[in-house]
Amino acid sequence: MTRPTAARAVALAHALPTLRDDGRDAARGRLAELADPAQLARLADAELAGLLADAAAMARIRSVGSAARAAREAAELARAAVDALPPGRLAPELAERAVAAAGSEARLRHLAAALDGPAHRADTARWTAWLATPAGRHAALDELRGHTELSGARTAALTRAAAAVLDLRRPELAAATAELAERLAAALSEEPAVDPVAAPSAVRERLRAAADRRTRRAARLADRLRSLAHRSPADPAAPAVPRPPADPVLLAWLREHTHPGLYTEEFEAELAAWYGTDPFRLRELPPPPPFLHGTDPGTLPPEHLAPLLRRLSLTRSAPSAEELTPRALERDRGRTADARRSPELRGWGRPPGPAAPPLPELTRIPYLVHGIWLGGPLPAESVFRHNFGRAAQQYAGELDFVLWTDLPRALLAEAAAEPAPPGATPLAEVRSMLDWARAHGVHLIDLYEVFHAGAPMRLHLPFVLETAKQLPRGHGSASDHLRVDIVARFGGAYVDGDMVFAGALAPTERLTALIDRVAAARLGFTMNPGLGVGNDVIVAPARHPALALWSECARLNYGRSQPEIFGGLDTMAQPFVARIRQDQRYLAPHRSGRIHHEVLRLLGLDVEQLPPTKHALTDSHEVSWARPIAGGPATPRRVAPAEAAGVLARCVTFLRWQLIAREGDLYLSAVDPVIRRLPDPDAGWLALLTALPEFLDGLPPITSVTDLRRRDGDGLPERVDLPPEAEALLDRAARPGRWIGARASRHGEPVWLLDERVAPAALRPPAGPLPDLSAAHTALAEAAFDPFGRLLGLWIRPERAAGRRRADRRFAEIAPGRLRLALGSAPSLEAIHELGVRAETVALMLCALEATGRAVELAAPIGGTEALRPFAGRLAALLGQPVTVVEQELRAPEPGRPDRPLVPAVHHLPVGPLLSG
């Protein structure tokens with residue numbers, strides 16, 4: 001009888017709360033009558049007699065203690081049955097509830113029997129006779145209104161209703177008892193498996209060791225980062241502000257079209273504040289290479305530019321200074337498009353007003369086609385390689401094709417010297433690019449050999465800020481600036497690598513004819529007119545005034561905040577993902593890619609006035625700055641350990657700039673793809689946030705953080721995965737009065753801007769005490785148990801949903817020996833990521849619950865398996881146990897069907913009290 005008795009006690013422990021609620025509902029009408037004296041007076045004599053008899057019965061039971069004795073005897077039987085079970089087969093908390101439930105049910109049965117026995121019937125008859133007289137009824141009402149009698153009557157009313165409910169659901173309780181008895185028998189036949197590798201002590205030690213290693217590696221990396229900020233400056237350094245134009249007519253014209261203070265000390269200081277300082281001296285440029293001493297490309301005649309670039313090409317050894325003399329260049333002069341201009345045409349069609357700088361009498365554009373690829377070697381299977389290489393061969397002897405790169409000469413020389421075959425070495429892609437350029441006659445130019453400390457780009461400062469992003473969109477924006485500087489200094493045609501070098505419309509025009517036509521055109525320059533106008537083509541002579549205006553507009557655009565550029569928070573709060581133009585969420589088109597629209601507006605030009613390019617070039621838009629180029633690598637290469645500190649220095653530079661441009665926002669989502677490429681991302685994050693306060697002097701305080709974004713295309717959320725020590729440096733409870741999303745947030749809650757979540761926050765100093773993050777999530781966690789109190793899983797939900805403990809389908813049908821982990825209140829990745837739970841936090845909770853020895857199933861919404869694999873992998877490494885991701889489609893219960901069975905398959909308890917107990 002031990003096991004059935006224990007099973008029945010467990011069934012009662014689960015069922016009694018439901019039966020008690022049902023009994024109270026059934027007795028609600030009678031209890032309302034007893035609470036109202038007027039209703040008591042209206043009751044019939046028979047009903048009054050029954051109430052008085054109930055009160056008398058309750059008084060007798062209390063006086064002799066029979067109900068308490070019955071409850072005690074039943075509880076003792078249940079205690080004996082429960083204690084006879086092997087240790088660990090019944091959770092202690094559930095065992096106590098089962099014993100108490102057995103006693104409560106026995107007390108209820110005893111009370112119900114007393115209300116239907118001979119003594120109760122005799123009392124009813126006596127009270128009925130007394131109520132037959134008016135005096136008796138009046139006295140009975142007075143007596144019934146007394147506290148003792150009314151209390152007994154109320155207890156009896158509840159007892160009658162509860163007993164009726166129990167009788168009604170007794171078959172259901174019996175069936176549940178039989179099922180639990182079978183499950184208990186099966187559980188007793190199982191031997192509990194103990195995995196010493198995944199024991200709580202082993203997991204805690206693994207967590208401590210991982211945290212120690214992470215902290216040590218982060219400290220070393222932070223020290224290397226600090227050392228980069230204290231190295232000796234290069235000599236000479238590039239000026240912080242470009243020199244003003246030497247031509248006073250050009251300077252006056254630029255001021256008229258942009259800002260009257262342009263190149264004044266006060267205005268330039270104000271603009272420089274938007275760029276911020278340069279703690280790692282990333283703006284420094286190397287001195288001119290020895291072979292360029294005495295040679296200024298900006299002063300060379302157009303016919304000498306092609307031979308200069310041929311000699312500077314990385315496809316050959318470095319030239320000598322003698323090879324770059326005017327006499328040497330004259331022997332290998334390049335072809336140019338020359339056009340004589342009348343006095344009217346020298347004004348290039350400018351309307352009356354401020355004197356526009358005139359074009360020279362002889363407009364000369366060299367037959368140069370420029371392309372740009374930054375951030376690494378040009379991928380082998382890219383459309384860029386195919387288009388550019390094919391066109392270079394097609395126009396061999398007519399046009400010189402030049403590819404500008406940020407790869408240094410020493411790296412290409414090292415790649416060329418590496419023995420073949422290279423295999424999968426880091427230099428393989430570099431040598432592949434070098435072999436391609438040599439085979440197709442493309443000149444590779446190291447941009448820093450030409451735009452050096454003695455002759456920097458006019459857009460050098462924004463160029464450095466954009467390359468600090470270390471992402472395709474940053475390189476794309478940097479290219480937007482570099483192309484203007486290249487054409488302004490050398491002239492020729494800049495063409496994006498994804499453009500097709502063949503006209504889409506017949507008759508096909510050769511590129512040489514296009515350059516000739518632009519040189520003779522009224523404007524003397526063009527872009528890529530069509531339905532709109534693109535900056536993917538620029539054709540102009542060197543030093544064209546329109547390009548000078550373009551440069552100044554680009555510089556000034558870095559003196560505007562993100563909300564200004566997007567036209568306010570309302571625009572930024574709109575959804576962008578899954579739209580046709582979802583690329584517009586990125587700042588690249590707005591900050592650098594559309595400056596030419598402003599240039600045309602200031603010049604008063606319509607698109608139709610630009611010389612067309614469609615007969616020589618066909619549009620193609622890969623948007624390489626927003627996603628990997630077609631045929632290119634799906635993910636960027638990993639960063640070598642020796643490069644990690646330099647990568648972090650650029651991240652700090654970018655984050656500093658964003659504190660200005662995003663009004664105090666710590667823009668972690670923007671650097672997250674870069675940190676993921678580090679050999680140790682956790683150490684990278686911790687080093688970054690530990691050292692960051694040292695580089696924030698003079699900047700706006702951190703008032704918010706952006707750490708969750710929606711992915712392009714599918715809109716799935718991606719969260720910045722901070723290690724616990726780095727997360728602890730963020731004070732997410734801070735509520736600053738002003739932050740970038742304050743105007744769009746009613747109560748300080750996070751807001752979505754550009755499909756990224758921005759939340760108020762502050763940065764704690766590393767020296768201060770750090771909060772226990774696991775404690776915060778413990779308050780939101782619930783443990784799911786089966787009817788015997790065996791742990792089925794762990795559920796962590798946001799504060800607004802925590803505490804709703806009910807049977808949930810997330811924890812149904814879990815295989816023996818497994819544990820299910822559910823995150824978030826809704827079956828969506830966004831709900832999971834918003835919660836921000838770390839794998840370390842879950843591991844600590846499982847240790848505290850003594851539940852680390854079982855394989856874990858991580859519940860994922862439909863389609864969310866891949867997104868949760870990194871979390872699962874991290875948790876598996878910490879636990880030393882398998883962690884698999886399982887998809888669950890969680891549907892709401894059908895209308896009209898209760899979601900609360902008499903004996904629930906799953907019940908929930910808050911984790912906090914379990915751990916503290």
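This briefing walks through two groups of paired strands and a helix that packs on one of them. Keep in mind that the model is predicted. Let's start with an open sheet of 6 strands with mixed pairing, and then visit strand 18, which pairs in the parallel sense with strand 17.

**The open sheet**

- Reading across the sheet, the strands come in the order 5-4-3-6-8-7.
- Strand 5 (443-446) and strand 7 (526-529) are the edge strands; each has a single partner strand, so one side of each has no neighbour in the sheet.
- From one strand to the next, the twist averages 30°.

**Strands 6 and 8, and the helix on the sheet**

- Inside this order, strand 6 (residues 492-495) and strand 8 (residues 533-540) are antiparallel partners, joined over 4 bridges.
- To find one of these links, look for Ala493, whose bridge partner in strand 8 is Val539.
- Helix 21 (residues 472-490) packs on the sheet, where it touches strand 3 (368-373), strand 4 (400-405), strand 6 and strand 8.
- The direction of helix 21 makes about 20° with that of strand 8.

**Strand 18 and its partners**

- Is strand 18 (residues 818-823) largely enclosed or largely open, and why? Of its 6 residues, 5 are buried, so strand 18 is largely enclosed by the rest of the structure.
- Strand 17 (residues 791-796) pairs with strand 18 in the parallel sense over 4 bridges, and Ile796 has Leu823 in strand 18 as its bridge partner.
- Strand 19 (residues 855-860) also runs parallel to strand 18, and 4 bridges join the two.
- Here Arg818 stands opposite Ala855 in strand 19.

Notes
Residues are numbered from 1 along each chain as its sequence is written. This is a predicted model: local features need pLDDT of at least 70, side-chain atom pairs count only at pLDDT 80 or more; totals for chains, interfaces and linings use all residues. Side-chain values use heavy atoms; hydrogens and water are left out. Two strands pair if DSSP finds at least two bridges between them. Axes are lines fitted to C-alpha atoms, for helices over the stretch in contact, and angles run from 0 to 180 degrees between N-to-C directions. Contact means heavy atoms within 4.5 Å. Buried means under 20% relative accessible area, exposed over 50%, partly exposed in between (1.4 Å probe, protein chains only).
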